[in-house]
Amino acid sequence: MTRNVHVPLEVSEVTKVYPRGIQALDQVSFRISPGERACLLGPNGAGKTTLIRLLTGALRPSSGRVSLFGLGIDDPDFLLAKRRVGIVPQSPGMYRDLTVDDYLQLVRDLYGSGNIAEVVEAFGLASFRSRRMAELSGGMQRRLSMAAALVSSPEVLLLDEPTVGLDPVATREVHTFLREVMPGRTVLLCTHNLAEAEALCESAVILRQGRVLLHERIATLRQRIQPVLVLRAAQGPERLLQALSARGISPTREEDAVRVHVADAVARAPELLRGLLAEGMDVYECRVVTPSLEDLFLEVVGAKDARA
Ligand SMILES: Nc1ncnc2c1ncn2[C@@H]1O[C@H](COP(=O)(O)OP(=O)(O)OP(=O)(O)O)[C@@H](O)[C@H]1O
């Protein structure tokens with residue numbers, strides 16, 4: 001097996017079978033390149049958490065190889081590679097009785113280096129330094145997790161659902177911090193929040209039933225799905241549906257609007273609009289909508305299996 005010390009995260013033909021034969025991952029392979037900001041998506045049970053835990057070295061694969069900067073878990077220098085990876089878990093977990101300061105010092109000692117004062121300042125933790133972790137709000141705990149992950153200025157960030165359970169204000173705060181710290185780093189962000197994934201990442205790894213369905217740039221994925229036209233008329237969606245069907249178009253209804261999937265929506269829109277207006281339809285909205293990551297996800301994973 002060739003080792004590529006320049007590849008921050010690599011998973012090669014990894015299978016993970018839990019006790020009692022539950023297979024979480026089946027021959028999963030992908031690599032995240034230096035500077036790539038990738039999201040890890042998939043429906044419940046797809047294997048995302050398992051994959052993140054394998055990458056952090058918390059779990060061992062049943063077969064295959066997981067490596068950080070070319071080093072696998074059994075490599076004597078694995079710890080050195082791991083120190084180049086900051087991990088933001090869903091919760092800081094078992095250290096509830098430590099103070100914020102104690103926790104940051106513990107993390108710095110584990111990583112062997114780091115600047116606590118800098119992250120305390122960057123993440124607005126100055127007035128919480130002597131607070132026990134158990135006494136922090138969910139949003140503040142997440143801030144602390146991010147600060148801890150960044151104490152040693154790692155080149156790579158592994159984020160496991162960094163905003164799950166947070167209210168919209170705390171979520172926005174996490175996004176603001178992440179926008180500041182992500183540039184220049186390699187990132188793998190596991191999330192169910194597709195808007196978050198789209199806002200923060202430029203590529204996506206999509207898992208389903210323990211297999212990689214795709215690993216692509218989001219911009220490339222977008223080209224796979226054509227834009228759609230969204231139309232609204234004063235006469236309501238039913239009349240609009242009839243008018244469009246009479247033109248040989250098969251629209252779909254979406255609450256008070258109608259969606260039309262036509263090839264080359266931008267070029268077709270003016271002609272379609274002129275025709276509808278000429279026959280008395282009072283179309284007051286005609287919008288070309290490019291697919292969101294959610295649309296892409298539904299298309300790739302299949303709507304029936306798409307609870308991200
Ligand atoms: N410790 C475990 N023991 C046995 N089976 C497990 C264990 N952890 C996960 N599994 C199983 O492995 C599969 C993948 O689970 P995993 O938690 O990795 O998926 P996920 O994509 O993170 O799901 P979710 O989005 O719901 O968090 C599931 O079938 C799950 O039931």
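This is a predicted model: local features need pLDDT of at least 70, side-chain atom pairs count only at pLDDT 80 or more; totals for chains, interfaces and linings use all residues.
**View 1. The shell around the ligand.** Eleven names are easy to lose track of, so here they are in chain order: Tyr 18, Ile 22, Ala 24, Gly 42, Asn 44, Gly 45, Ala 46, Gly 47, Lys 48, Thr 49 and Thr 50 sit around the ligand.

Note on methods: Residues are numbered from 1 along each chain as its sequence is written. A residue is near a molecule or strand if its C-beta atom, placed from the backbone, lies within 6 Å of it.
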